[in-house]
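Please consider the structure shown below together with its sequence. The account that follows moves from a pocket to the helices and then to the loops.

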Amino acid sequence: MESPDQPTRKFTRRHLLTFLIPSLIGIFLFMAPVPYTDGDNEGLSIPIAVLAKTMLALLGDHAVTLAVLMVSISAIFSSIYIFCKPSWLVNNRFLASLFRVTVGWYATRMLGFVFILLAYFEVGPAAIYHEDTGGLILHDLLPTLLCVFTFAGMLLPLLLNYGLLEFIGTMLTKIMRPVFRLPGRCTVDSLASWLGDGSVGVLLTSKQYEEKFYTKREAAVIATSFSAVSITFALVVLAEVRLEHMFVPFYLTVCVAGFVAAIITPRIPPLSLIKNEFIDGSTEAADREKIPAGHSLFSWSKHLALTRASKANSVRTQLKEGLQNVCDMILGVLPVIMAVGTVALVISENTPIFDYLGKPFIPLLELMRLPEAEAASRTLVVGFADMFVPAIIAGGSIESDMTRFVIAALSVTQLIYLSEVGALILGSKIPLKLWQLFIIFITRTLITLPVIILMAHLIFRN
């Protein structure tokens, strides 16, 4: 961000149009609700999601094969880089950035490679390729993410490179900084998640972290507290527990609980202990968000936006950057999701671990007078594996409407589930480890659960 002490620049109409046109296109593609019909289901989505779903429909079964190919390329070329180090790979900056990984991430890519082959050919242990474990990740999740990454990666420069985030970020800093201890530009990440998909919000956050717009603490907080579940997916969860008619009170409950968690969670460990420094170890300037003398909030927001727009590269360069984004997302993240998501779901489906982890919540649920507390307890922690699993359990085994309502709302506000968002965070450069994600998940559960149950008692009191 430009220093407030620098003199005000003169901008032309061309700079204004360079800011407005790509930014408005980006807002439309990533945030504008549009009607969308998927089979017999009608609702709202965003253009990026519609494009992804259209691509998925056109690819059909080939999408699964393409996902297998991408994970295979990631594993094979990473192996070539580590063990052979050919000059054509080592000396190419772009290829090296894709396939030069640490030992830990190499092992994760190879595990994802093994899992995806077993799931694709349905060989080996059935627990890995079963339709509720590796088969679910391969056939339901990876093809969707492949298509989302393709369009989101190509079009992210519209949000990032033309001044939109500088404008919105500066305008909203006086709200976001005191309330959430975050820069105002993170509202764009949240909106992209809320209207589109949580994965888009994580990707947007990761990209800005790498470009030094967010510190380590800010990136970790935004990824774990503001990568909200989309309205569309919230509807799917609510339908699974047979409460579609209660969407308005349901989403109101989700918003209230999420707001409370977003205020409290960043102020306690482990998020509060993450260093407030940039990816390269540098610290933020004291006047990073200061408005200089002679400027109003709006004029300084506009100045920063036009400054960014004036530095925008050619369309060809932006397309090249978009293509690099796509490759980085697909080759870097899909293997991680296949590995981590499959392991989490195998544990969930074949062991009582999540049942045991849920038992300490029984006294709390009984204290708050939640019907069927014991049955509900086993759903509270299983959402760490996959957000949809609690709704599946509740929809099939719990009779109380109020309890199903609470479980559905909690699964949406917990945010961090390893089959997608958690794996995306682990696969990014955002400085969070698996154990930290689990602690944040439990923390969000403990914070949001009383809020949700209180709201449920108010809603179901009649």
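The paragraphs below describe a predicted model.

The description begins with the second largest pocket, whose volume is about 900 Å³. Its lining is made up of 29 residues, and those nearest the centre of the pocket are Ser97, Glu210, Asp328, Gly427 and Lys429. Several helices take part: α5 (93–99), α6 (103–121), α11 (198–210), α16 (315–350) and α22 (421–427) each contribute at least two lining residues. Among the contributors, α16 provides the largest share, with eight residues. In chemical terms, the lining of the second largest pocket comprises 12 nonpolar, eight polar and nine charged residues.

One of the helices that line this pocket, α6, may be followed further. The end C-alpha atoms of α6 are 27 Å apart, which agrees with expectation because 19 residues at 1.5 Å a residue should span 27 Å. The buried residues of α6 are Tyr106, Thr108, Arg109, Gly112, Phe113, Phe115, Ile116, Leu118 and Ala119. The elements that cover these buried residues include α3 (62–83), α5, α7 (126–129), α8 (134–160) and α16; of these, α5 and α16 also supply residues to the lining of the second largest pocket. Just after α6, Glu122 adopts a positive phi of about 55°.

Between α7 and α8, two of the elements that cover α6, the loop contains Glu131. Glu131 has a relative accessible area of 59% and is therefore exposed, the cut-off being over 50%. A distance of 16 Å separates the C-alpha atoms of Glu131 and Val68, which are 63 residues apart along the chain.

Helix α21 offers a further case. This helix covers residues 401–414, and its 14 residues reach 20 Å from the first C-alpha to the last, close to the 20 Å expected at 1.5 Å a residue. Burial is extensive in α21, where 13 of the 14 residues are buried. At the start of the helix, a side-chain oxygen of Ser400 comes to within 3.3 Å of the backbone nitrogen of Met402. Just after the helix, Leu415 has a positive phi of about 70°.

Which residues does Thr253 touch, leaving aside those up to four places away in sequence? Thr253 is located in helix α14 (residues 247–264), and its contacts are Phe405, Ala409, Ile452, Met455 and Ile459. With a relative accessibility of 0%, Thr253 counts as buried, because the limit is under 20%. His15, in helix α1 (residues 13–31), also counts as buried, because its relative accessibility is 14%. Beyond residues up to four places away in sequence, His15 touches Leu306, Ala309 and Ser310.

The remaining points concern the backbone in loops. A cis peptide bond, with omega of about 5°, joins Pro269 and Pro270. Pro270 belongs to the loop between α14 and α15 (297–310). Arg181, which is not a glycine, has a positive phi of about 60° and lies in the loop between α9 (164–180) and α10 (186–195). Arg181 counts as partly exposed because its relative accessibility is 33%. Arg242 likewise has a positive phi, near 60°, and is placed in the loop between α13 (231–240) and α14. Its relative accessibility is 40%, so Arg242 counts as partly exposed.

Technical notes:
Residues are numbered from 1 along each chain as its sequence is written. This is a predicted model: local features need pLDDT of at least 70, side-chain atom pairs count only at pLDDT 80 or more; totals for chains, interfaces and linings use all residues. Side-chain values use heavy atoms; hydrogens and water are left out. On a 1 Å grid over the protein atoms alone, a cavity is a set of points where a 1.4 Å probe fits but cannot get out, and a pocket is an open set with protein on both sides within 12 Å along at least five of seven lines; lining residues have an atom within 4 Å of a point. Grid points are joined across faces, edges and corners, and a volume is the space filled by probe spheres set on the points. Helices (H or I, at least four residues) and strands (E, at least two) are DSSP runs, numbered from the N terminus. Ala, Val, Leu, Ile, Met, Phe, Trp, Tyr, Cys and Pro count as nonpolar, Asp, Glu, Lys and Arg as charged, and the others, Gly among them, as polar. The expected span of a helix is 1.5 Å times one less than its number of residues. Buried means under 20% relative accessible area, exposed over 50%, partly exposed in between (1.4 Å probe, protein chains only). A polar contact is a pair of N or O atoms within 3.5 Å; within protein, one must be able to donate a hydrogen and the other to accept it, and residues adjacent in sequence count only if both atoms are side-chain atoms. Contact means heavy atoms within 4.5 Å.
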